[in-house]
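Hi everyone, and thanks for coming. I'd like to walk you through a structure that is new to most of you, so let's put it on the screen.

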Amino acid sequence: MRRRRAAWLLLTLALGNIPRSAPAQEPVGGDSLSVCSIGGFLARHATDSTDAGFKAAAGAIAEVVHGEPEALNKVLNGCLGGPSRLLSGLNLEFKTFKVGGSDSGSSFGLGYSYARDLTQNRVRATGANQTGMALSVNARGDIAFERRANPNDFLESRASAHLFSSWGGFARVADTTVFNLLNALEDSLAAIDDPRQLAGSPLAARFGSEIRRYLSTQYYLDFSLEAGLEANQDFSTKQVAFGALLGVDVKPWGKGYLNLFDWPFAAIRWLSGYDAELEPRGSAFPTLIVGLDRMNPTADSARQAVASLKDYWRFRAEAAFRTEVSAFASFEADLRYYRELDASAAVRSASLDRFTYFTAALTTSPGPFFSFTAGHLPFDAQADQVYALGFRYRF
């Protein structure tokens, strides 16, 4: 949150240096992955919409996971030349998605999200309390290599001016015993050279748990004015949006017993030994966003068939949740809701006035992920249940 080329720019950035004449090779695990083999793999599955294609893609991903999951990220990082100021904030997901209950087979594609502050200025800063302004751009969506197989045919881009404020999160006073414990844990962690071992160490989890006990609840508000473009993949349907958005985030850094969403994952962390105590995390409380947009549909054949393309008001809301499952895995969920205000009877009858969309994903720090989505985005032809398997690459 552009013209047709903009949607494909992300794909070009990721694959632009891949030789088109490279022989197609199946990716395998470990360091035997190459830019050429990735290019051949993507090219071969770009037009494959059969169940066999889904199984082949899943098999290739499993081979990489079995060998060395970080190999793909290493290759992509070398291809792209490492993080840059332009690409910072860009997340790519190479995925194979399958629509549940459908005979249409599967499709290979690319999910993306981009969020970046162009400028940020503090208006007032007193200790941990901060108030400021920022200009930002963001975009997100899914691109299928076979256009007709895109289950989430919705691309969203926004430019925003923000006024934000954060307060709380102060460190409470701790006694000498606590400081000695933290120092001892820090000394033990400093002796661990292997990053994998460090990330999965119970000592690291204990250190973080002790720190969180001495942080007060943090509150964050963000009010923004936005302008943006929403479109489907080939931009045959698009609309311009102008609106206002309010984001609310509360983080009780200590014990989060009221965080009902995190109880199942707290049990997993405790049973696996990652957390020493059965303790939901206040830091994983969901973030809420609500907004009101003035929509200007410039091209929409489905809407035009039942009503004129006149401006309308739309309410939208989104709730996002993320928590750790283990040292290398996290669970993410996102719920979006869109509703046209004072929609005509014809628009309501065509089910074009409201949309609900839910996605949940199990992600890993090396890159592989599995996700499930259900519902309907504004430009989707129908509500779907979509399963996706792939790699996530963060810049």
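Before we look at strands, one definition: two strands pair if DSSP finds at least two bridges between them. Please also keep in mind that this is a predicted model.

Let's begin with strand pairing. Strand β6, residues 238-251, and strand β7, residues 287-299, run antiparallel and are joined by 11 bridges. If you want a place to rest your eyes, find V240, which stands opposite N296 in β7. Now move on to the next pairing: β7 and β8 are also matched up, in the antiparallel sense, over 9 bridges. There, D293 faces its opposite number R314 in β8.

Next, helix α8. Which residues of α8 are buried? In this helix, residues 263-272, they are F265, A266 and R269. These buried residues sit on the same side of α8, because the arc they cover around the axis is only 105 degrees. As a reminder, an α-helix has 3.6 residues a turn, so residues three or four places apart point the same way. And what covers the buried residues of α8? The cover includes β8, residues 312-324, and β9, residues 329-340. Just after the helix comes G273, with a positive phi of about 90 degrees.

Now to the nonpolar cores. The largest one has 12 residues in all: L90, L92, F94, L110, Y112, Y114, A139, I143, L155, L229, A231 and F235. At least two residues of this core come from each of β1 (90-99), β2 (106-126), β3 (129-144) and β5 (218-231). There is a second, separate core of 8 residues, and among its members are F265, A284, A329 and F331. You have met F265 already, as one of the buried residues of α8.

That takes us to the aromatic rings. The count comes to 11 aromatic pairs, and I'll show you two. In the pair F154 and Y338, the ring centres are 6.2 Å apart and the planes are at 80 degrees; planes over 60 degrees apart count as edge-to-face, so this pair is edge-to-face. F154 sits in the loop between β3 and β4 (155-168), while Y338 belongs to strand β9, so the pair ties together parts that are 184 residues apart in sequence. Are these two buried or exposed? Both F154 and Y338 are buried.

The other pair is F265 with F321, and this one is tilted, with 6.0 Å from centre to centre and 40 degrees between the planes. Since F265 is in helix α8 and F321 in strand β8, the pair ties together parts that are 56 residues apart in sequence. F265 counts as buried because its relative accessibility is 14%, and F321 counts as buried at 9%. If you zoom out a little, F261, F265, F321 and F331 form one aromatic cluster.

While we are on rings, have a look at Y312: R303 lies over its face, at 4.1 Å from the ring centre.

Let me finish with a few single residues, starting with two buried ones. T237 lies in the loop between β5 and β6. It has a relative accessible area of 10%, so T237 is buried. Setting aside residues up to four places away in sequence, T237 touches E230, A231, N232, A299, D300 and F379. S371 is in strand β11, residues 368-375. Why does S371 count as buried? Because its relative accessibility is 7%, and buried means under 20%. Not counting residues up to four places away in sequence, S371 touches A360, A361, V386, Y387 and A388.

Then come two partly exposed residues. V137, in strand β3, counts as partly exposed at 23% relative accessibility. Its C-alpha atom is separated by 5.7 Å from that of R158, and the two residues are 21 residues apart along the chain. A159 lies in strand β4 and counts as partly exposed too, at 38% relative accessibility. Leaving aside neighbours within four places in sequence, A159 is in contact with S136, V137, L225, E226 and A227. Between the C-alpha atoms of A159 and D117, 42 residues apart along the chain, the separation is 9.9 Å.

That's my tour, and I'm happy to go back to any part of it. Thanks for listening!

Conventions. Residues are numbered from 1 along each chain as its sequence is written. This is a predicted model: local features need pLDDT of at least 70, side-chain atom pairs count only at pLDDT 80 or more; totals for chains, interfaces and linings use all residues. Side-chain values use heavy atoms; hydrogens and water are left out. Buried means under 20% relative accessible area, exposed over 50%, partly exposed in between (1.4 Å probe, protein chains only). Helices (H or I, at least four residues) and strands (E, at least two) are DSSP runs, numbered from the N terminus. The arc is that of the directions from the helix axis to the C-beta atoms. Contact means heavy atoms within 4.5 Å. A nonpolar core is a set of buried Ala, Val, Leu, Ile, Met, Phe, Trp, Tyr and Cys residues joined through side-chain atoms within 4.5 Å. Rings of Phe, Tyr and Trp (its six-membered ring) pair if their centres lie within 6.5 Å; planes under 30 degrees apart count as stacked, over 60 as edge-to-face and the rest as tilted. A charge sits over a ring if NZ of Lys or CZ of Arg is within 6 Å of the ring centre and within 35 degrees of the ring normal.
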